[in-house]
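Q: I am new to this structure and would like a close look at a single part of it. Please take one pair of residues and build the picture outward from there.

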Amino acid sequence: MAAEEVLQTVDHYKTEIERLTKELTETTHEKIQAAEYGLVVLEEKLTLKQQYDELEAEYDSLKQELEQLKEGPLLLKNVIYDIMNQLAFQFSM
């Protein structure tokens with residue numbers, strides 16, 4: 001009977017090793033999938049950050065251009081005013 005008990009114990013340990021090996025393989029596979037997903041998310045984040053930076057630079061450029069366009073009529077008005085003053089001065093002589 002002792003030999004029979006040893007065989008049962010060995011079978012039990014073999015079964016347990018197979019179960020643990022299978023569980024380890026599944027867990028490792030899940031960790032690899034999670035890491036791959038994390039890399040995809042990180043790449044997407046970097047792409048979005050780059051797009052954000054580009055849009056922000058374009059926004060700043062357009063904002064500066066708008067300010068220059070707003071100043072344009074005022075500058076033109078000042079030039080016209082100066083010309084009119086010069087003409088008025090010339091005609092008053």
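About how many helical turns separate Glu16 and Arg19 in helix H1?

A: About one helical turn separates Glu16 and Arg19, because the two are 3 residues apart in helix H1. This is a predicted model, and what follows should be read with that in mind.

Glu16 and Arg19 form a salt bridge, in which the closest N and O atoms are 2.6 Å apart. The pair is also part of something wider: Glu16, Arg19 and Glu23 are linked in a network of salt bridges. As for cover, Glu16 has a relative accessible area of 27%, so Glu16 is partly exposed, because the class of partly exposed runs between the limits of 20% and 50%. Arg19 has a relative accessibility of 42% and therefore also counts as partly exposed.

A little before this pair in the numbering comes Tyr13, which is found in helix H1 too. Tyr13 has a relative accessible area of 51%, and because exposed means over 50%, Tyr13 is classed as exposed. Tyr13 also gives a sense of distance along the chain: Glu44 is 31 residues from Tyr13 in sequence, and the C-alpha atoms of the two are 46 Å apart in space.

The salt bridge of Glu16 and Arg19 can be set beside others in the model. A search of the whole structure finds 4 salt bridges. One of them joins Asp53 to Lys49, with the closest N and O atoms 2.9 Å apart. Asp53 and Lys49 are both in helix H1, and their spacing of 4 residues is about one turn of the helix. Asp53 is partly exposed, with a relative accessibility of 35%, and Lys49 is partly exposed as well, at 47%.

Another salt bridge is that between the side chains of Glu67 and Lys70, with an N to O distance of 3.9 Å; the limit for a salt bridge is 4 Å. Glu67 and Lys70 lie 3 residues apart in helix H1, again about one turn. Glu67 has a relative accessibility of 37% and counts as partly exposed.

The helix that holds these pairs covers residues 2-92. In the whole protein chain there is 1 helix, and there are 0 strands. The C-alpha atoms fill a box of roughly 135 × 10 × 10 Å along the principal axes. The radius of gyration is 40 Å, whereas a compact globule of 93 residues would have one near 12 Å.

A record adds one annotation. An unreviewed UniProt entry places a "coiled-coil region" at residues 3-72. In the model, that span is 100% helix and 0% strand, and its end C-alpha atoms lie 102 Å apart.

The accessibility values of the single residues can be placed against the chain as a whole. Of the 93 residues, 0% count as buried. The chain exposes about 9,200 Å², and carbon and sulfur atoms supply 63% of that area. Its charged side chains number 9 positive and 20 negative, and the centres of the two sets lie 5 Å apart.

To return to the starting point, Glu16 and Arg19 are a pair about one helical turn apart, joined by a salt bridge and linked with Glu23 in a network.

Technical notes
Residues are numbered from 1 along each chain as its sequence is written. This is a predicted model: local features need pLDDT of at least 70, side-chain atom pairs count only at pLDDT 80 or more; totals for chains, interfaces and linings use all residues. Side-chain values use heavy atoms; hydrogens and water are left out. The radius of gyration is taken over C-alpha atoms; the globule rule is 2.2 Å times the number of residues to the power 0.38. Buried means under 20% relative accessible area, exposed over 50%, partly exposed in between (1.4 Å probe, protein chains only). Accessible areas come from the Shrake-Rupley method with a 1.4 Å probe; for residues, only the protein chains shown count as cover. Lys and Arg count as positive and Asp and Glu as negative; His and the chain ends are not counted. The place of a charge is taken as NZ of Lys, CZ of Arg, CG of Asp or CD of Glu. UniProt positions are given in the numbering used here, feature names are shortened, and annotations may be inferred rather than shown by experiment.
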